[in-house]
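Please examine the sequence and the three-dimensional structure shown below. The explanation that follows them proceeds from the overall fold to individual side chains.

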Amino acid sequence: MDNSDTQEMRDIEAANAAAQRIVRHFQSKGFTRITEALILHIRHIAGDRAEVDKAFAAAHKQGRMPPLSMYFSIHSYAHYSEFRSFDEAKAALAKDFTLTLIYDIPQVFFDPAPVLGDDPLASGTKYDVIMKAWDNEEGCAIAILLNDPDASFVDYIGTHPGADWQKIMGDFHGASSSLNDAFTPD
């Protein structure tokens, strides 16, 4: 294993540790049923904001999947769960990332942090919340998907827009910046 592989492993471990800290933080605030965080790397690949918004609004009006892959590249790269592995979460992403949250991707990418979207009807392993805790860096957004069986969690996030994020995220922010290279299209 060369130095770049070793550094990449440390970055992934830091990102996974951040996902665990996110879950533990919210559990410590009384949201004990939050047991999973999946961290996504989102890169904008085509179109300006107006074009993307128009395409997503048209899809929403027609009740269909927006042209997500036409405008964004999304990779899951950090995870913590009390009930499934990272591979299981990645394999289930297509069914667990709800249409309601997918419609929020343009806001998550383009709007300044903090950004929060929720799907109050999500159940089971489906993600209920997508959030961006800090602004994009180097053309990439880092989003966090959470299971949120308690609606009051969204109220908590709304009243704590970033106050604890430095402490919660720890060294993840630096690790996520170095991981950007791993997902940069050639």
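The paragraphs below treat the chain as a whole, then its sheet, its helices and its aromatic rings.

The coordinates belong to a predicted model. In the protein chain, the secondary structure amounts to nine helices and five strands. Followed along the sequence, these elements give the pattern α-β-α-α-β-α-α-α-β-β-β-α-α-α. Of the 186 residues in the protein chain, 45% are buried. Contacts that span a long stretch of sequence are well represented: among those between residues at least 6 apart, 70% join residues at least 24 apart.

The sheet offers a convenient starting point. Strands of a sheet pair through backbone hydrogen bonds, and the pairing may be parallel or antiparallel. Here, five strands form an open sheet in the order β2-β1-β5-β4-β3, and the pairing is antiparallel. Strands β2 and β3 (115-118) are the edge strands, each of them pairing on one side only. From one strand to the next, the twist averages 20°.

Strand β1, which comprises residues 36-44, is mostly covered, with eight of its nine residues buried. On one side, nine bridges connect β1 with the antiparallel strand β2 (residues 72-81); within this pairing, Leu38 is placed opposite His79 of β2. Seven bridges join β1 to strand β5 (residues 140-146), again in an antiparallel arrangement. Two positions illustrate the register with β5: His41 has Ile142 as its bridge partner, and Ile42 stands opposite Ala141.

At the other end of the strand order, β3 and β4 run antiparallel and are joined by four bridges. Leu116 is located opposite Met131 in β4. Which residues of β3 are buried, and which are not? The side chains alternate along the strand: Val115 and Gly117 point to one face and are buried, whereas Leu116 and Asp118 point to the other and are not.

Attention now turns to the helices. Helix α1 (residues 3-28) packs on the sheet, where it touches β1, β2, β4 (129-132) and β5, and its direction makes about 65° with that of β2. Gln27 belongs to helix α1. Is this residue, Gln27, buried or exposed? Gln27 counts as buried because its relative accessibility is 16%, and the cut-off for burial is under 20%. Beyond its neighbours within four places in sequence, Gln27 is in contact with Thr32, Ile34, Thr35 and Glu82.

Helix α4 (residues 86-96) shows how burial can be distributed around a helix axis. Its buried residues are Ala89, Ala92, Leu93 and Asp96. These residues lie on the same side of α4, because they cover an arc of only 150° around the axis. The spacing has a general background: an α-helix has 3.6 residues a turn, so residues three or four places apart point the same way. The buried residues of α4 pack against β1, β2 and β5, while the face turned away from the buried side carries the exposed residues Asp87, Ala91 and Ala94. A further side-chain arrangement involves Lys90, which lies over the face of Phe86 at 4.6 Å from the ring centre.

The aromatic side chains complete the account. The structure contains four aromatic pairs. In one of these, Phe72 and Phe110 are arranged edge-to-face, at 6.2 Å centre to centre and with 65° between the planes. Why does this pair tie together parts that are apart in sequence? Phe72 lies in strand β2 and Phe110 in helix α6 (residues 105-110), so the pair links parts that are 38 residues apart in sequence. The two partners can also be described by their accessibility: Phe72 is buried, with a relative accessible area of 3%, whereas Phe110 counts as partly exposed at 25% relative accessibility.

Phe110 also forms a pair with Phe109; the ring centres are 5.1 Å apart and the planes lie at 90°, so this pair is edge-to-face. Phe109, at 8% relative accessibility, counts as buried. Ring pairs link Phe56, Phe72, Phe109 and Phe110 into a cluster.

Definitions and conventions: Residues numbered from 1 in each chain as written. Predicted model: local features only at pLDDT ≥ 70, side-chain atom pairs only at ≥ 80, totals over all residues. Heavy atoms only, no water. Buried < 20%, exposed > 50% of the residue type's maximum accessible area, 1.4 Å probe, protein only. Pairing = 2+ DSSP bridges. Axes fitted to C-alpha atoms, helices over the stretch in contact; angles between N-to-C directions. Contact = heavy atoms within 4.5 Å. Arc of directions from axis to C-beta. Phe/Tyr/Trp six-rings, centres within 6.5 Å; stacked < 30°, edge-to-face > 60°. Lys NZ or Arg CZ within 6 Å of the ring centre and 35° of its normal.
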